[in-house]
Amino acid sequence: MMDVRSARSLGMASCSLCHKLCRFVDNDEIAQYCPRCGTRLYSRYPNSVVHTWALLITAAICFLPANLYPIMVVSQLGNDTPSTIFGGVVALVHHGAYGIAAVVFIASLAVPFLKLIGLVILLIKIQIGWHLNASQCTSMYRMIEFIGRWSMLDIFVIALLAALVNLGAVARIEAGPAATAFGLTVVLTMLAAMTFDPRLIWDKEVGDE
Amino acid sequence: MSVSVKDVMVTSDIKQNALYQEEGEWLACHECDAVFIKQAIDVRFDAYCPRCGCHLYASRPDTVRRTLALSLTGLILFFPAVLLPIIGLDVLGMSNSATLIAAVLALFNEGYWWTSFLVLACSIAVPFIEMLSLTLVLIAISLDHYNPWVKSMFKFWHLLKGWGMLEVYLIGVLVSMVKLLDMASVHIGLGLYAFIGMLLMTLLMTLSLDTEEVWEFLEHGIHAPVPYEAVPASVPTAREDDQVITERYALKEEGLNKR
Ligand SMILES: [Zn+2]
Ligand SMILES: [Zn+2]
């Protein structure tokens, strides 16, 4: 492995907003600001692990009602048929739309679940010093940050269907209580990924004093 | 506009302290905190962290003017995309169509104000504010007009990044069309074309924007020389071949003179 030193060990910190590398005294009591954009500088985000844990646990709690309650209610000629997220995927499979079913399944079930698991693995690695490949952990973090937004797919679909299928007694589609919970899950997991500081993954690596 | 990607080993084989005594601008990877010396890369190339693979910086040709053109086009397309119907529906002689705003209002009217706010933010508000703030920043740079608010606006743009979800919305439109197919006949509205155009503009904007260069402009002004501009690979100098040729000519001329 090459010889690389961290900005922290050299008395510097890169701005979290504009990425400028600035001189930095490693003391939380002194407020230091980026000379270029004025954002407060931190060597590592303060309390990153605690904040990420808090957001993750809340997201996990919200994920339960999001899957148990109906996310939309279809009423056709007086019959109300509520459907959950999973029910929606099953319905798409019955229609033969396997591709779309896979997309919805990945976006609204697999992605939030894998995000929760992935971030928990990263947090545990940092807290107990679990020996995982730091490079792979960073790739996983980058993936988690990238795919998180795709979970909003179901919310958009429901909004569009509710606006379109609004034909009085003939057919109506309304959102269900799971929509709120699911929206919260998506936003909370996105915030959790943002408050997590990936530099913590590398802090205990060999070759970095 | 093609963007080719290349790994740039910024500092891989330099020993400990020698590395940090070298001249040049330093930068730190914002995902693993490793410090490197910034090196020139060719236009349209990207530099990645050799340790963790994170994208460090890019070199984009003519970033201000190109991104400005794209964001202005995006802003113009925004209005038809939001106001014209995205998809229409015909069922039992009744027809209905939905715009982006109608989708937000439908959730709001059912009492899901938080979810409707989320949809409003991700599909309408954030993309619009993103394009507007970037346009204003780039116009200010092209006019060489610097105010504290230009920096604040670019900071604001950085904070919003990641919350605009136009591409996810487009897939959402596709999924809703498939869901409705057996219930009614679905047709595409004019707004969808404008929406796809706007989405393309935002994607091209991310490819043509070099945030580091914009920050340099905001810090030093557009007339300051941009550091680390790519150096041409071969510097035109007199080569050996040329010398040999000129010597031969000289000999020939000498021979002619002798005759
Ligand atoms: Zn900064
Ligand atoms: Zn890195």
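Is Cys49(B) buried or exposed? At 4% relative accessibility, Cys49(B) counts as buried, a label given under 20% relative accessible area, with exposed meaning over 50% and partly exposed in between (1.4 Å probe, protein chains only).

## About the model

Welcome! This is a predicted model, where local features need pLDDT of at least 70, side-chain atom pairs count only at pLDDT 80 or more, and totals for chains, interfaces and linings use all residues. Residues are numbered from 1 along each chain as its sequence is written, chains are lettered from A and ligands numbered from 1 in written order, and side-chain values use heavy atoms, leaving out hydrogens and water.

## The zinc site

Cys49(B) also helps to hold a metal: its SG atom coordinates the zinc ion (ligand 2), together with the SG atoms of Cys29(B), Cys32(B) and Cys52(B), at 2.2 to 2.3 Å. Donors here are N, O and S atoms within 2.8 Å of the metal (3.2 Å for Na, K and Ca). Along the chain, the donors of this zinc ion are spaced as C-x2-C-x16-C-x2-C.

The arrangement is tetrahedral because the four donor atoms subtend angles of 104 to 115°; four donors earn that name if all angles lie between 85 and 135 degrees. Cys52(B) counts as buried because its relative accessibility is 4%.

## A three-stranded sheet

Chain B also has an open sheet of three strands in the order 6-5-7, with antiparallel pairing. Its edge strands, each pairing on one side only, are strand 6 (94-98) and strand 7 (185-188). Strands are DSSP runs (E, at least two residues), numbered from the N terminus, and two of them pair if DSSP finds at least two bridges between them.

Strand 5 (residues 87-91) and strand 6 of chain B pair over five bridges. Asp90(B) has Ser95(B), in strand 6, as its bridge partner.

Terms used. Tetrahedral: all angles 85-135°; square planar, octahedral: opposite > 155°, others 65-115°. Helix = DSSP H or I, 4+ residues; strand = E, 2+ residues; numbered from the N terminus.
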